[in-house]
Structure formats: C-alpha cells, structure tokens
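User: I should like to learn how to read helices, burial and surface patches from a structure. Please take the features one at a time.

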Amino acid sequence: MRFMMIVKHAENQGFPPKELMDVIAKQAEEETKAGRMIGSGGLLPTAQGARVRLSGGKVTVTDGPFAEAKEVIGGFAQFEYRSREEAIESAVQFMELHKKYWPGWEGETEVRQMFDGPDCRPESVATHATSKSGRA
C-alpha cells in the first residue's frame, strides 16, 4: 500500500536545524535501501511559489507569499507500507524526531493512502469510508 506523508506547519518557522536534517537524511537513506521510501522533498517558502486557481470558469495566477495561509506544506514523502497502522507509526517516529531536534516546533504530518492497486478502487474506498464513519 502506498502512502503520502504531508508535513504542515506555520509559514514563518524558519529552516530546520542542521542536526534534524542530518537525522532525517539518514532515516531517508535507510528507508530507501529497505524499499519503503519511494520519494521525498522539502518545499521552499510560499514567497517562492505561485497559485494557479480555477474558479467561476476563470484561471488566475497569484504569486506568493500567501498572507492568508495559516499553515503551509513544508515537505512530503511517499512510502510503501504493509498497512495504514505501519504508515501512522512511521509518521509518529518522524514527529518525535522534530520534538527531539527542534524544540518548540509545531506542526503535523498528514498520512494519506494513495490510489494504487486493488485497495483503492472507487468501490473499495467508498466501502472503507462508510465502515469508518459508521454510516451505511
């Protein structure tokens, strides 16, 4: 099962400490060698970006920074795991690294399964969502 980890945080928290980045690089190397990490990357501040929006039949482009953004995506990683639980445990370990090496940092890692393979056919996703919500 493939999962996307999306790291979100406030825009102006600065760049991560070198010690944290070194530990993350080592972890990424181990995960890649084990065949679990498919890809990853960090994102520059929104001042370097642009938004392309389709609304009301019109496409508009807005250059960053985006003052209205309460949180931004700071990075992402794609993994291959046996289960949702294994993916969540990996995200917990990743956040523990932030807690240890970047005291005071606040953010979250969103764990999302990717459309890939038989578990992600539209009928499987709808059945899973219905069973998780308790609604028929």
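User: Which residue follows H1, and what is the sign of its phi?

Analyst: Please bear in mind that this is a predicted model. The residue that follows H1 is Gly35, and its phi is positive, near 80 degrees.

User: How does one judge the length of a helix, and what span is expected for H1?

Analyst: The expected span is 1.5 Å times one less than the number of residues. H1 has 16 residues, for which 22 Å is expected, and its first and last C-alpha atoms lie 23 Å apart, close to that value. For helix H2, residues 84–101, the 18 residues should span 26 Å, and the end C-alpha atoms are 26 Å apart, in agreement.

User: Which residues of H2 are buried, and which are exposed on the other side?

Analyst: Burial here requires under 20% relative accessible area, and exposure over 50%. In H2, the buried residues are Ala87, Ser90, Ala91, Phe94, Leu97, His98 and Tyr101. Viewed down the helix axis, the buried residues of H2 fall within an arc of 110 degrees, so they line one face. Glu85, Lys99 and Lys100 are exposed on the other side of H2.

User: Against what do the buried residues of H2 pack?

Analyst: Their packing partners are strand E1 (2–9), helix H1 (18–33) and strand E6 (107–113).

User: How is the same reading applied to H1, and which of its residues are buried?

Analyst: The buried residues of H1 are Leu20, Ile24, Ala28 and Glu31. Down the axis of H1, they fall within an arc of 70 degrees and therefore line one face of the helix. The face turned away from that buried side carries Lys18, Glu19, Lys26 and Lys33, which are exposed. The cover over the buried residues of H1 includes strand E2 (37–42), strand E5 (72–80) and H2.

User: Why does Glu31 count as buried, and which residues are in contact with Glu31?

Analyst: Glu31 counts as buried because its relative accessibility is 13%, under the 20% limit. Apart from neighbours within four places in sequence, Glu31 is in contact with Arg36, Met37, Phe79 and Tyr81.

User: Turning to the surface, which residues form a nonpolar patch?

Analyst: The nonpolar patch is formed by Val52, Leu54, Val59 and Val61, which together have about 440 Å² of accessible area. Strand E3 (50–55) and strand E4 (58–63) each supply at least two of the patch residues.

User: Is Val61 buried or exposed?

Analyst: Val61, which lies in strand E4, counts as exposed because its relative accessibility is 57%, over the 50% limit.

How values were computed. Residues numbered from 1 in each chain as written. Predicted model: local features only at pLDDT ≥ 70, side-chain atom pairs only at ≥ 80, totals over all residues. Heavy atoms only, no water. Helix = DSSP H or I, 4+ residues; strand = E, 2+ residues; numbered from the N terminus. Buried < 20%, exposed > 50% of the residue type's maximum accessible area, 1.4 Å probe, protein only. Arc of directions from axis to C-beta. Contact = heavy atoms within 4.5 Å. Patch = residues over 30% accessible without salt bridge, like charges linked within 9 Å, V, L, I, M, F, W, Y side chains within 5 Å. Areas by Shrake-Rupley, 256 points an atom, 1.4 Å probe, with all protein chains shown as cover. Salt bridge = Lys/Arg side-chain N within 4 Å of Asp/Glu carboxyl O.
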